[in-house]
Amino acid sequence: MPTLTIRNLPGEVHARLRIRAAHAGRSMEAEVRVILEEAVAPDAGRMTVQVLRDWVDQAYGSEKPSGVVEELIAERRRESTRE
């Protein structure tokens, strides 16, 4: 199997990765492997905006708060810029 070395990883990223791995019950190496596998997975598993809208409609029914889909999309974008 190929090996990947990551140099100059910021200390804060390393610390957050260590915490994330501990929460998942994995080693840091295993956690990085999971993150990379998810990052390069085909887009088929990702929610499209329409799938997200349908999911929210099904979850909330007629009591859906206004702007919930847009807020979920915005939240995901904020998370992805932090990662």
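These legends describe views of a predicted protein model.

**View 1. The whole chain is built from helices, four of them, with zero strands.**
Read along the sequence, the pattern is α-α-α-α. The C-alpha trace spans about 50 × 25 × 25 Å along its principal axes. The radius of gyration is 17 Å, whereas a compact globule of 83 residues would have a value near 12 Å. Among contacts with a separation of 6 or more, 9% join residues 24 or more positions apart.

**View 2. The surface of the protein comes to about 7,200 Å² of accessible area.**
Carbon and sulfur atoms account for 54% of that surface. How many of the 83 residues count as buried? The share is 12%. The protein carries 13 positive and 14 negative charges. The mean positions of these two sets are 6 Å apart.

**View 3. The largest nonpolar core holds five residues.**
Its members are L52, V56, V68, V69 and I73. Which helices supply at least two residues each? They are α3, residues 49-60, and α4, residues 68-82. Helix α4 gives the largest share, three residues.

**View 4. V68, a member of the largest nonpolar core, has contacts beyond its sequence neighbours.**
Set aside the residues within four places in sequence. V68 is then in contact with V56 and Y60. V56 belongs to the largest nonpolar core as well.

**View 5. E31 sits in helix α2, which covers residues 28-39.**
Is E31 buried or exposed? E31 is buried, because its relative accessible area is 2% and buried means under 20%. Leave out residues up to four places away in sequence. E31 then touches L17, R20, A21, A24 and R26.

**View 6. M28 is also found in helix α2.**
M28 has a relative accessible area of 25%. That value makes M28 partly exposed, because this class lies between the 20% and 50% cut-offs. Neighbours within four places in sequence are again set aside. M28 is then in contact with H14, L17, R18 and A21. Take L17 from that list. M28 and L17 are 11 residues apart in sequence. In space, their C-alpha atoms are 6.7 Å apart. L17 and A21 are also among the residues that E31 touches.

Key: Residues numbered from 1 in each chain as written. Predicted model: local features only at pLDDT ≥ 70, side-chain atom pairs only at ≥ 80, totals over all residues. Heavy atoms only, no water. Helix = DSSP H or I, 4+ residues; strand = E, 2+ residues; numbered from the N terminus. Rg over C-alpha atoms; globule rule 2.2 N^0.38 Å. Buried < 20%, exposed > 50% of the residue type's maximum accessible area, 1.4 Å probe, protein only. Contact = heavy atoms within 4.5 Å. Areas by Shrake-Rupley, 256 points an atom, 1.4 Å probe, with all protein chains shown as cover. Lys, Arg positive; Asp, Glu negative; His and termini not counted. Charge placed at Lys NZ, Arg CZ, Asp CG, Glu CD. Core = buried A, V, L, I, M, F, W, Y, C linked by side-chain atoms within 4.5 Å.
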